[in-house]
Amino acid sequence: MAKFKLFNEDANKSPLKHLWRHFKSNHSALVGLWVFLLLAILAISAPLIAPYGVNEQNAQALILPPSWDDAGQVEFILGTDGLGRDLLSRLMNGATSTFGLAILAALLTTAIGVVLGVFAGLTRGVKSSVLNHLLDITLAIPSLLLAIVIVAILGPGLMNTVWAIIFALLPQYIHSVRNLVAQELSKDYIVAQRLDGANKWQILKTGILPNIYEHIVVIFTMSLSTAVLDIAALGFLQLGAQAPTAEWGAILAENLSLIYLAPWTVALPGILLFIAILSTNLVGDGLRHALQKRRAS
């Protein structure tokens with residue numbers, strides 16, 4: 001005999017389980033999630049599993065095509081560049097420099113942006129007005145242009161690029177979190193908490209943050225795709241990672257002169273960049289749609 005159930009179990013699942021149920025029904029987002037996870041694992045483990053050293057040169061294997069070409073060699077699956085370096089090893093290590101550092105930059109931006117965004121949302125009066133005007137000014141500047149200006153001040157280099165991207169992404173992050181906090185503060189349950197005598201910290205901890213963390217995850221994925229593109233763009237412009245650092249944008253710039261002689265040296269890092277940005281955007285778009293469906297249900 002079936003058990004009597006007072007509540008509908010599906011209707012009483014946690015918000016995260018509801019979000020996952022709606023997310024996994026979107027097949028393109030699910031594929032994007034698997035690709036995203038593979039890239040993240042590659043970014044962590046690339047220095048350990050790469051078949052060759054990142055700058056190891058092979059004088060007898062200059063500009064070899066990929067192994068499936070008649071002139072290719074099995075030892076170099078994706079071929080070599082103009083200095084005889086294994087392209088597969090450089091691209092794998094490039095995942096650490098491009099995708100891994102983009103995740104680091106997005107996480108740091110999230111931590112700083114949430115703190116400053118919550119502070120901006122909770123403040124009133126002159127402080128709030130000054131902060132909002134500063135945000136409006138910086139939001140008028142594209143993130144890549146702002147990152148170029150900051151790198152020009154800090155100097156070229158991979159770590160300076162990370163800090164430049166953090167500072168370039170912060171205004172948009174603070175603005176989004178501030179709007180989310182302001183929306184929650186206008187709702188009836190916050191008014192009820194205030195009438196019950198809750199202070200700002202209690203309202204933030206039990207009322208605001210549990211209702212905006214899903215939106216923060218969506219903002220994180222969008223900022224991550226921007227960070228990947230900006231790191232690669234600065235490397236391509238030779239303002240970010242400097243040769244011989246294995247970073248996808250720097251690899252593109254370094255092999256640009258070989259585009260007619262060895263097009264695979266330019267095409268492969270470009271394809272990886274496209275896959276990384278596409279998978280991140282698919283995950284972010286899937287999370288946004290899943291969030292909308294969960295709110296509607």
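# Close-up views of a predicted all-helix chain

The chain carries 19 positive and 17 negative side chains, and 19 Å separates the centres of the two sets. The model shown in these views is predicted.

**Figure 1. Overview of the chain, with its 10 helices and 0 strands.** Read along the sequence, the elements follow the pattern α-α-α-α-α-α-α-α-α-α. The C-alpha trace spans about 80 × 65 × 30 Å along its principal axes. Of the 297 residues in the chain, 46% are buried. The exposed surface of the chain comes to about 15700 Å², and 69% of this area is supplied by carbon and sulfur atoms. Among contacts between residues at least 6 apart in sequence, 70% join residues that are at least 24 apart.

**Figure 2. The bend in helix 2 at Ala43.** Helix 2 covers residues 27-49 and bends by about 45 degrees at Ala43. A proline, Pro47, follows within four residues of the bend. Ala43 itself belongs to the buried residues of helix 2. The others in that set are Ala29, Gly32, Leu33, Phe36, Leu39, Ala40, Ser45 and Ala46.

**Figure 3. Val35 in helix 2 and its contacts.** Val35 is found in helix 2. With a relative accessible area of 26%, Val35 is partly exposed, because the buried class ends at 20% and the exposed class begins over 50%. Leaving out residues up to four places away in sequence, Val35 touches Ile275 and Ser279. Asn55 lies 20 residues from Val35 along the chain, and the C-alpha atoms of Val35 and Asn55 are separated by 27 Å.

**Figure 4. The aromatic pair of Tyr52 and Phe76.** The structure holds 3 aromatic pairs. One of them joins Tyr52 and Phe76, whose rings are stacked, at 5.2 Å centre to centre and with 25 degrees between the planes. Both Tyr52 and Phe76 stand in the loop between helix 2 and helix 3 (87-122), and the pair links parts of the chain that are 24 residues apart. The two partners fall into separate accessibility classes because the limit for buried is under 20%: Tyr52, at 21% relative accessibility, counts as partly exposed, whereas Phe76, at 5%, is buried.

**Figure 5. Ile63, a residue with positive phi.** Most residues other than glycine have a negative phi. Ile63 is not a glycine, yet its phi is positive, near 50 degrees. This residue is found in the loop between helix 2 and helix 3. Ile63 has a relative accessible area of 25% and is partly exposed.

**Figure 6. Gln238, in the loop between helix 8 and helix 9.** Helix 9 covers residues 248-254. Although Gln238 is not a glycine, its phi is positive, at about 65 degrees. At 55% relative accessibility, Gln238 counts as exposed.

**Figure 7. Ile212 within helix 8.** Ile212 lies in helix 8 and, at 0% relative accessibility, counts as buried. When neighbours within four places in sequence are left aside, Ile212 is in contact with Leu180, Val181 and Glu184. The C-alpha atoms of Ile212 and Val181 are 7.7 Å apart in space, while 31 residues separate these two in sequence.

**Figure 8. Asp196, in the loop between helix 7 and helix 8.** This loop stands between helix 7 (188-195) and helix 8 (200-236). Asp196 is exposed, with a relative accessible area of 70%. Asp196 and Leu146 are 50 residues apart along the chain, and their C-alpha atoms are separated by 45 Å.

**Figure 9. Asp285 in helix 10.** Helix 10 consists of residues 264-296, with Asp285 among them. The relative accessible area of Asp285 is 27%, and this residue is partly exposed. Between the C-alpha atoms of Asp285 and Phe236 the separation is 27 Å, and the two residues are 49 residues apart along the chain.

Key. Residues are numbered from 1 along each chain as its sequence is written. Side-chain values use heavy atoms; hydrogens and water are left out. Helices (H or I, at least four residues) and strands (E, at least two) are DSSP runs, numbered from the N terminus. Buried means under 20% relative accessible area, exposed over 50%, partly exposed in between (1.4 Å probe, protein chains only). Contact means heavy atoms within 4.5 Å. Accessible areas come from the Shrake-Rupley method with a 1.4 Å probe; for residues, only the protein chains shown count as cover. Lys and Arg count as positive and Asp and Glu as negative; His and the chain ends are not counted. The place of a charge is taken as NZ of Lys, CZ of Arg, CG of Asp or CD of Glu. The bend at a residue is the angle between axes fitted to the seven residues ending there and the seven starting there. Rings of Phe, Tyr and Trp (its six-membered ring) pair if their centres lie within 6.5 Å; planes under 30 degrees apart count as stacked, over 60 as edge-to-face and the rest as tilted.
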